[in-house]
Amino acid sequence: ILRAYILTFLIAINSIVCLAQDKFALFVGISNYHAIDSNNEWNDIHGVNDVNILFPIFKTQGFQVVSLTDENATKKQIIKELHALEDKVTKGSIVYIHFSAHGQPFQDFDGDEEDGWDESIVPVDAKIEFVKGVYEGENHITDDVLLVHTNKLRKRMGPEGCLYVVVDAC
């Protein structure tokens with residue numbers, strides 16, 4: 001709860017400084033990894049709690065808020081909402097993106113990681129284990145994918161904009 005108070009304070013200060021700017025927030029929180037697949041091997045966690053705490057705080061600060069929780073937090077839906085943000089954002093916008101879900105290292109196939117591993121967010125429809133020909137990570141959202149979207153947002157926002165990305169994942 002202390003995190004929520006600190007975050008509220010920082011957002012309030014930032015909002016006062018940037019009153020005229022458009023403000024957008026995207027929250028992704030997963031608690032029930034079995035919501036769409038009872039055979040999913042991920043342990044349930046408490047990601048939706050973060051969304052429930054943060055959503056009203058951001059609404060009262062004038063943010064246009066979208067939240068994806070549990071069965072709605074699929075890779076397809078998350079990417080769709082990132083594209084929607086890219087379309088809405090203008091010069092000087094404030095954007096806050098919050099992921100509260102499992103995270104997992106993922107083999108780096110393009111060679112851009114020194115340690116050979118990408119980091120990834122685990123949507124509700126991602127499998128826990130890579131199995132050649134069965135599940136090859138197609139539903140994981142890697143740091144490379146997030147970089148593409150955050151770069152597009154930053155370009156649209158310009159230097160006057162503010163982009164915050166918070167990842168609460170192992």
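**Close-up 1. Helices α3 and α4 cross with a left-handed twist.** This is a predicted model, and here we zoom in on α3, residues 75–88, packed against α4, residues 143–157. Their axes sit 9 Å apart and make an angle of about 15 degrees. Angles under 35 degrees count as roughly parallel, so that is how α3 and α4 run relative to each other.

**Close-up 2. Here are the side of α3 and the side of α4 that meet.** From α3 come I79, L82, H83, L85, E86 and D87, and they meet V145, L146, H149, K152, L153 and R156 of α4. Sorted by class, this contact has six nonpolar, four charged and two polar residues.

**Close-up 3. The second largest pocket holds about 160 Å³.** Its lining takes in 14 residues, and E119, S120, I121, L146 and V167 are the ones nearest the centre. L146 may look familiar: that residue of α4 also turns up in the contact with α3. Strands β4 (102–107), β5 (117–122) and β6 (141–142), along with α4, each chip in at least two lining residues. The mix for this pocket is eight nonpolar, four polar and two charged.

**Close-up 4. The largest cavity encloses about 50 Å³ of space.** It belongs to a set of two cavities of 30 Å³ or more in the structure. Around the largest one sit F24, A25, L26, Q64, V66, E81, A84, L85 and K88. Two or more of these lining residues come from each of β1 (23–29), β2 (64–69) and α3, with α3 giving the most, four. By class, the lining of this cavity has six nonpolar residues, two charged and one polar.

Methods
Residues numbered from 1 in each chain as written. Predicted model: local features only at pLDDT ≥ 70, side-chain atom pairs only at ≥ 80, totals over all residues. Heavy atoms only, no water. Axes fitted to C-alpha atoms, helices over the stretch in contact; angles between N-to-C directions. Parallel < 35°, antiparallel > 145°, perpendicular 65-115°, else oblique. Left-handed = near helix turned anticlockwise from the far one by under 90°. Contact = heavy atoms within 4.5 Å. Nonpolar A, V, L, I, M, F, W, Y, C, P; charged D, E, K, R; others polar. 1 Å grid on protein atoms, 1.4 Å probe; cavity = no way out; pocket = protein on both sides within 12 Å on 5 of 7 lines; lining within 4 Å. Points joined across faces, edges and corners; volume = space filled by probe spheres on them.
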